[in-house]
Structure formats: structure tokens, C-alpha cells
Amino acid sequence: MATAFKAFLNSPVGPKTTHFWGPVSNWGFILAGMADMNKPPEMISGRMTAVMCVYSGLFMRFSWVVVPRNIFLLATHASNESVQLYQLSRYARAQGYLQKKEPEAQQ
């Protein structure tokens, strides 16, 4: 057990590197998004939420191709992508973008 912890401590993605602390700090985005789930959808900024979706999508790709591969960063951005897409769907529903359209009357 102690050797596994020591190996993690000294690994290229361990807590002595930015490969560890970057994802840890990004959990603030996820926690903030989760806290906003109980707020009214009128308070959601559609543009900012869309930007957060693009940001997390890009960094999911980055975390997969960076050497050493950073699975923790990938999981962090996948979680953020999920939260932000949910918030974006709440925003779209509140703005009326996701309403079913009535078929036009045929003459």
C-alpha cells in the first residue's frame, strides 16, 4: 500500500505536477454547475454555458493526446461537459428552443 502511494506521489501525473492540480482546480466548474441546477433557468447565460461546453470538449481531446495521458483531466472535463450540457438544455427549454412544432395545416 505504501509503495503504491509512493509510486502515485512520484508519477508523471501525481500531486507534484500540474497534471494533477489542473484537474483538481477544474472541479470548481463542475461543483458550481451542480449548485446552479436548483436555480431558475432564466439565470443561465446561454453563451457562457455554450463556451464551457466547447472548452470541456477541446480539453477532453487534449487530455487524451497529451503525454503522459491524463485520465484524471479527461474525467474532469467529461463531468463538466455533462453538467454544462444539462444546463444548456435547461436554458434552451426556458427560451423555447426545444418546443415541439405544430405541423402546418394542410389545405
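Hi everyone, let's start with Ser63, which sits in helix H3, the helix that runs over residues 46-65. Before I go on, please keep in mind that this is a predicted model.

So, is Ser63 buried or exposed? Ser63 has a relative accessible area of 1%, and the cut-off for buried is under 20%, so Ser63 counts as buried. What does its side chain reach? The side chain of Ser63 comes to 3.4 Å from the backbone nitrogen of Leu74. If we set aside the neighbours within four places in sequence, Ser63 is in contact with Arg69, Asn70, Leu73 and Leu74.

Now let's look at the helices themselves. Two packed helices are described by the angle between their axes and by the distance between those axes. Take H3 and H4 as our first example: their axes come within 8 Å and cross at roughly 155°. That makes H3 roughly antiparallel to H4, because angles over 145 degrees fall in that group. The crossing of H3 and H4 is left-handed. Sorted by class, the contact of H3 with H4 has 15 nonpolar, nine polar and one charged residues.

Between H3 and H4 there is a loop, and Pro68 is found in that loop. Please have a look at the peptide bond joining Val67 and Pro68: this bond is cis, with omega at about 0°.

Next comes the pair H2 and H4. H2 covers residues 18-35 and H4 covers residues 71-95, and their axes come within 9 Å, crossing at roughly 15°. Are these two roughly parallel or roughly antiparallel? The angle is under 35 degrees, so H2 is roughly parallel to H4. The crossing of H2 and H4 is left-handed.

Which residues make this contact? On the H2 side they are Phe20, Pro23, Val24, Asn26, Trp27, Phe29, Ile30, Gly33 and Met34. On the H4 side they are Phe72, Leu73, Thr76, His77, Ser79, Asn80, Val83, Gln84 and Gln87. By class, this contact of H2 with H4 has 10 nonpolar, eight polar and no charged residues. You may recognise Leu73 in that list, since Leu73 is also one of the contacts of Ser63.

Let's move towards the start of the chain. Thr17 lies in the loop between helix H1, residues 2-9, and H2. A polar atom in the side chain of Thr17 lies 2.8 Å from the backbone oxygen of Gly14. Leaving out neighbours within four places in sequence, Thr17 is in contact with Ser11 and Pro12. Remember Pro68 from the other loop? The C-alpha atoms of Thr17 and Pro68 are separated by 12 Å, and the two residues are 51 residues apart along the chain.

Finally, here are two residues of helix H1. One is Leu9, which has a relative accessible area of 26% and is partly exposed. Without its neighbours within four places in sequence, Leu9 has contacts with Gly14, Pro15 and Lys16. From Leu9 to Gly57, C-alpha to C-alpha, the separation is 28 Å, with their positions 48 residues apart along the chain.

The other H1 residue is Phe5. Phe5 counts as exposed because its relative accessibility is 52%, and exposed means over 50%. How far apart in space are Phe5 and Ser89? Their C-alpha atoms are 41 Å apart, while in sequence the two are 84 residues apart.

That's my tour, thanks for listening!

How values were computed. Residues numbered from 1 in each chain as written. Predicted model: local features only at pLDDT ≥ 70, side-chain atom pairs only at ≥ 80, totals over all residues. Heavy atoms only, no water. Axes fitted to C-alpha atoms, helices over the stretch in contact; angles between N-to-C directions. Helix = DSSP H or I, 4+ residues; strand = E, 2+ residues; numbered from the N terminus. Parallel < 35°, antiparallel > 145°, perpendicular 65-115°, else oblique. Left-handed = near helix turned anticlockwise from the far one by under 90°. Contact = heavy atoms within 4.5 Å. Nonpolar A, V, L, I, M, F, W, Y, C, P; charged D, E, K, R; others polar. Buried < 20%, exposed > 50% of the residue type's maximum accessible area, 1.4 Å probe, protein only. Polar contact = N/O pair within 3.5 Å; in protein donor to acceptor, adjacent residues only side chain to side chain.
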